[in-house]
Amino acid sequence: MKTIRDGLRMARLFVRLVWEMFRNRPKLNDDLENNFLICKKICQKVVRAAGIEMNVSYAERVPTDKKFLMVSNHRCFFDVVFLLACLEEPVSFVAAKELWHYPLLHRYLDSIFCIALDRNPSGVSDLKSDIMSMREALMQRNVVLFPEGECSYYEEKMQPFKKGGFLGITGMDVNIIPVFLKINEIHNIGRWMIPKGEVAVYVGSAFQPEKVKERGNRAGRMAAYAQRRVEQLQREASGEEA
């Protein structure tokens, strides 16, 4: 019975999301701020429809006067919905290229200038193209990256942050903002994960690439350091440290 209820809930949320995306599609244009606000309103409606209570801690740490790269843990598909629903500054997301195969989603990804990255680049030219895409994006707008590369689902322990998303930012004057998403309860319907109850977003203090003084490959150092900063927020969210 519980599985049936969760399945119906998932279906309602999916239908609501698709309907809102379809209904608002004509309002999209070439303006990032306009399109971000449309996405934000859609995601806020989905969060309310899901009965999820969202809380944001340290929202004031998100800079308003300088471009930033936000790095977050990645539990499920809804992480994107949660961040869009609560962020005030327009953002673009780094996303897997295969997501552009879905026409309606493709339109929304392009509308907020998301960056399509190949999770398995076939050669040096593909890798260089991805690096340039990241650098160009960060020079113009705020970007959100999920460095784990895929959802961790039931595992609260984060997967190792991959260095690929950090290759393009070495030497850049950009604020890196660690974020931890805490989902208290999550259920699965097949491959779909449904958060329930409360979702908390913890925003950490910014750091810059040149401040990372670790041994090894520079992008790898930044990935490892960023993960430690997100894990610190996780411990804070769990009450393990102030």
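Me: Is E88 buried or exposed?
Reply: This is a predicted model, so we're going by computed values. Exposed means over 50% relative accessible area. E88 has a relative accessible area of 61%, so E88 is exposed.

Me: Which residue does E88 meet in a salt bridge?
Reply: Side chains of opposite charge can pair when their charged atoms come close. Here the N to O distance is 3.7 Å. The pair links distant parts of the chain, with E88 in the loop between α3 and β3 and its partner in helix α2, 48 residues apart. That partner is K40.

Me: And K40, is that one buried or exposed?
Reply: The cut-off for buried is under 20% relative accessible area. K40 comes in at 9% relative accessibility, so K40 counts as buried.

Me: How far apart are the closest N and O atoms of R16 and E20?
Reply: R16 and E20 are 4 residues apart in helix α1, so about one helical turn separates them. R16 counts as partly exposed at 31% relative accessibility, while E20 is buried at 3%. They form a salt bridge, and their closest N and O atoms are 3.1 Å apart.

Me: Which residue in helix α2 does E20 pair with?
Reply: E20 itself lies in helix α1, so this pair ties together parts that are 25 residues apart in sequence. The closest N and O atoms of the salt bridge are 3.6 Å apart. The partner counts as partly exposed, at 25% relative accessibility. Its name is K45.

Me: How many residues of α3 are buried?
Reply: Helix α3 covers residues 78–86. Among its buried residues are F78, D79 and C86. The helix is largely enclosed by the rest of the structure, because the buried count out of 9 residues is 8.

Me: How much space lies in the second largest pocket?
Reply: Let's look at the walls before the volume. The lining has 10 nonpolar, 1 polar and 2 charged residues, and α3 and β7 each supply at least two of the lining residues. The space inside is about 160 Å³.

Me: Which helix gives the largest share of the lining of the largest cavity?
Reply: The largest cavity holds about 40 Å³ of space. Its lining is made of M10, L13, F14, L17, V46, F77, F78 and W192, which divide into 8 nonpolar, no polar and no charged. The largest share, 4 residues, comes from helix α1.

Me: What is the area of the nonpolar surface patch that includes F14?
Reply: F14 sits in helix α1 and counts as partly exposed, at 43% relative accessibility. The other members of the patch are V15, V18, F77 and W192. Its area is about 460 Å².

Terms used
Residues are numbered from 1 along each chain as its sequence is written. This is a predicted model: local features need pLDDT of at least 70, side-chain atom pairs count only at pLDDT 80 or more; totals for chains, interfaces and linings use all residues. Side-chain values use heavy atoms; hydrogens and water are left out. On a 1 Å grid over the protein atoms alone, a cavity is a set of points where a 1.4 Å probe fits but cannot get out, and a pocket is an open set with protein on both sides within 12 Å along at least five of seven lines; lining residues have an atom within 4 Å of a point. Grid points are joined across faces, edges and corners, and a volume is the space filled by probe spheres set on the points. Ala, Val, Leu, Ile, Met, Phe, Trp, Tyr, Cys and Pro count as nonpolar, Asp, Glu, Lys and Arg as charged, and the others, Gly among them, as polar. Patches are made of residues with over 30% relative accessible area and no salt bridge: like charges are joined within 9 Å, nonpolar side chains (Val, Leu, Ile, Met, Phe, Trp, Tyr) within 5 Å. Accessible areas come from the Shrake-Rupley method with a 1.4 Å probe; for residues, only the protein chains shown count as cover. A salt bridge is a side-chain nitrogen of Lys or Arg within 4 Å of a carboxyl oxygen of Asp or Glu. Buried means under 20% relative accessible area, exposed over 50%, partly exposed in between (1.4 Å probe, protein chains only).
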